[in-house]
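Welcome! Have a look at the model below and turn it around a few times, then come along for a short tour of some of its residues.

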Amino acid sequence: MQKASPLSLTKSFGFGDRLGVATPGHLAAALGYDFAPIFAQQSIREMARTQRTPTEVMTAAETALKAAGFNGVWGADADHLKTPEDVQVTAAAGFTFFTIDPSSYVNNRADTMSASQLEPLAAQIEREDIFHPSDYLGKTFEFGSQSLTFSPETLTRTAVKYGRAIAHSANMAAEIRSHRADADIEISVDETDFATTPHEHLFVGLELKRRGVAVTGLAPRFVGDFEKGIDYKGDLAEFERQLVLHRQIAELCGPYKISIHSGSDKFTVYPIIGRVCGDLLHVKTAGTSYLEALRAVLRVDPQLFAEIAEYSHTRFATDRASYHISTTDAEVQALEGSAQQDWEELYLDLRPGRQLLHVTFGSVLTVGRRPDGQTFREGILDRLTKNAALHEELLERHFRKHLSLLCQG
C-alpha cells in the first residue's frame, strides 16, 4: 500500500469518515472513476467533536486500504485548519492536503459598511503593506471571454473584507511548507455571510499569487444554498453562470482547482460542476457517510436507531448553531412519534431528518448513551462491524451516484 501523497492538480474527491470504518465503501465507490480519492479527510472541528486524533484518522484509512490490497494514489486532507498548531499536528500524522480556513480574519461587515466606514480600515491595511491599490485601479483583468475592472469602492470593500484573511493564509501556507514542501494547499473562503463575487475571487487569487502562495485549490461560497446533507437549492442557470467565472478566474490566478465544500448530495448541480470545472475540480464530502452508517444501523437494529434519533432531538437546538441549515425546530418536532416503517424515508431521505442527524453527530458519538450504559458510538460501531457488507454496499451505491453524476457533465 502506498502512503498518502500530494495530488497537485489531479481532479479529486474527498470522502470524509467520522467513524473510521467507511474506507472500504469509499474505495469500492471510487474504483472505476477518474477522480483521485482522498480517503483520510477530517476537519479539526470534526476531530474535536468526534474525539479523534489526526493519527487515528490516518490510521483508519491506511489500515483499510492495506487490508483491501489497494496500491493506487490517494490523498489525506486536514480540513479547516485555523492555527499553526493545527498544521503541526496534522502534518506530523502524515496528511498531504491542507485546507486553510481564514474565516476568523474575514471582515463580513465590509459588505454593508458605508464608504466613510471602509476608508480608514482600507488605509490601515495599506499602511501595513497588506495590499496595494495601484495593483488594481485603472487595470483590466481578462479571463476567458470576460474582463473585470475594480472601481475604487469595490476595491476598498473587497480589500477590507479579505485583506487580513489573505495575509493570515500566507502565514499558514508558509507553516505548511515548512513541514512538507510539496503539500497540496487549499484556501477556503466559503464560510462567509454572502456568496463570493467574481471581484472577490479575483482579488483573493491575485493577492495569493502576488505573495507567492501557490495553491492547488480554492473554495468560494457559491450562489444559492449548499446546505448540509441535502441537494442544492437555487437558480441552476445563475449557478452555472457564476461557476464559469470562478473556473476562469482559477485558471488566470493559478491554475488551481475549484473546490466544492459541503459537496455531499448536491445531485442537481453535479453535471454542471463536472462540465464546467473539468479536471480543475475537487469535491469535499463528510457528513453524508455518517448518515449512510445510520441507515445501516436502522436496517439491522431499529431500536438502537430509535434511541439515537430520540437523543438527537434533544440536542438539535444547541448543535445546529454552527451549521448552515434551513430545518426548523418545528419540523424536527414533527418527526417525533412517526411510525417505524417511515423512519428511513423521514430521517435519512428527507431534509428535516437528514439535517437533524447530520448536525448532532458530535453529541451522539461522544456523549450519548443507551439505557444500559453503552455509548452510541460503541453501539454503532458494533452493528457496522457485524454488518460490514451492508455498510459497504450502502456507501458504494451512495457515492457512485455522486461520482457518476459528476462525470455526466
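In which strand does A40 lie? A40 is part of strand β2, which covers residues 36-43. Keep in mind as you look that this is a predicted model.

Let's stay with A40 for a moment. Its relative accessibility is 1%, and buried means under 20%, so A40 counts as buried. Setting aside residues up to four places away in sequence, A40 touches V57, M58, A61, W74, G75, A76, D77 and F95. One of these partners, A61, sits 21 residues away along the chain, yet the C-alpha atoms of A40 and A61 are separated by 5.7 Å.

**The annotated active site**

Which residues does UniProt list under "active site"? The unreviewed entry names D79 and E186. They are spread over 108 residues of sequence but cluster in space, with a largest C-alpha distance of 9.0 Å. Of these residues, D79 is included in the lining of the largest pocket.

D79 is found in strand β3, while E186 belongs to strand β7, residues 184-188. If we leave out neighbours within four places in sequence, D79 is in contact with Q42, S43, I44, T99, H261 and K284. Under that same condition, E186 has contacts that include F97, F98, T99, H261, H282 and K284. Try finding T99, H261 and K284 in the model: they appear among the contacts of D79 and also among those of E186.

**The annotated binding site**

UniProt's unreviewed entry also carries a "binding site" annotation, which covers H80, K228 and H261. The lining of the largest pocket takes in H80, K228 and H261 from this set.

Where is H80 placed? You will find H80 in strand β3, residues 75-81. Not counting neighbours within four places in sequence, its contacts are S43, I44, T99, D101, S188, D190, E191 and H261.

H261, in turn, sits in the loop between β9 (257-260) and α9 (270-277). Leaving aside residues up to four places away in sequence, H261 touches D79, H80, T99, E186, S188, D190, A219, F226 and K284. The list for H261 therefore links the two annotations: D79 and E186 come from the "active site", and H80 comes from the "binding site". With E186 there is also a polar contact between the two side chains, at 2.6 Å.

Here is how some of these annotated residues compare in accessibility.

| Residue | Relative accessibility | Status |
|---|---|---|
| D79 | 7% | buried |
| H80 | 12% | buried |
| E186 | 1% | buried |
| H261 | 6% | buried |

**A buried glutamate in a helix**

Is E207 buried or exposed? At 2% relative accessibility, E207 counts as buried. E207 is found in helix α7, residues 198-210. Apart from residues up to four places away in sequence, E207 touches I130, F131, Y136 and I166.

**Two helices that cross**

Finally, look for helix α11 (residues 302-319) and helix α16 (residues 376-386). Their axes come within 11 Å and cross at roughly 145°. The crossing of α11 and α16 is left-handed. On the α11 side, the contact is made by L304, E307, I308 and Y311, and on the α16 side by F376, G379, I380 and R383.

Key
Residues are numbered from 1 along each chain as its sequence is written. This is a predicted model: local features need pLDDT of at least 70, side-chain atom pairs count only at pLDDT 80 or more; totals for chains, interfaces and linings use all residues. Side-chain values use heavy atoms; hydrogens and water are left out. UniProt positions are given in the numbering used here, feature names are shortened, and annotations may be inferred rather than shown by experiment. On a 1 Å grid over the protein atoms alone, a cavity is a set of points where a 1.4 Å probe fits but cannot get out, and a pocket is an open set with protein on both sides within 12 Å along at least five of seven lines; lining residues have an atom within 4 Å of a point. Helices (H or I, at least four residues) and strands (E, at least two) are DSSP runs, numbered from the N terminus. Buried means under 20% relative accessible area, exposed over 50%, partly exposed in between (1.4 Å probe, protein chains only). Contact means heavy atoms within 4.5 Å. A polar contact is a pair of N or O atoms within 3.5 Å; within protein, one must be able to donate a hydrogen and the other to accept it, and residues adjacent in sequence count only if both atoms are side-chain atoms. Axes are lines fitted to C-alpha atoms, for helices over the stretch in contact, and angles run from 0 to 180 degrees between N-to-C directions. A crossing is left-handed if the near helix is turned anticlockwise from the far one by less than a right angle, and right-handed if clockwise.
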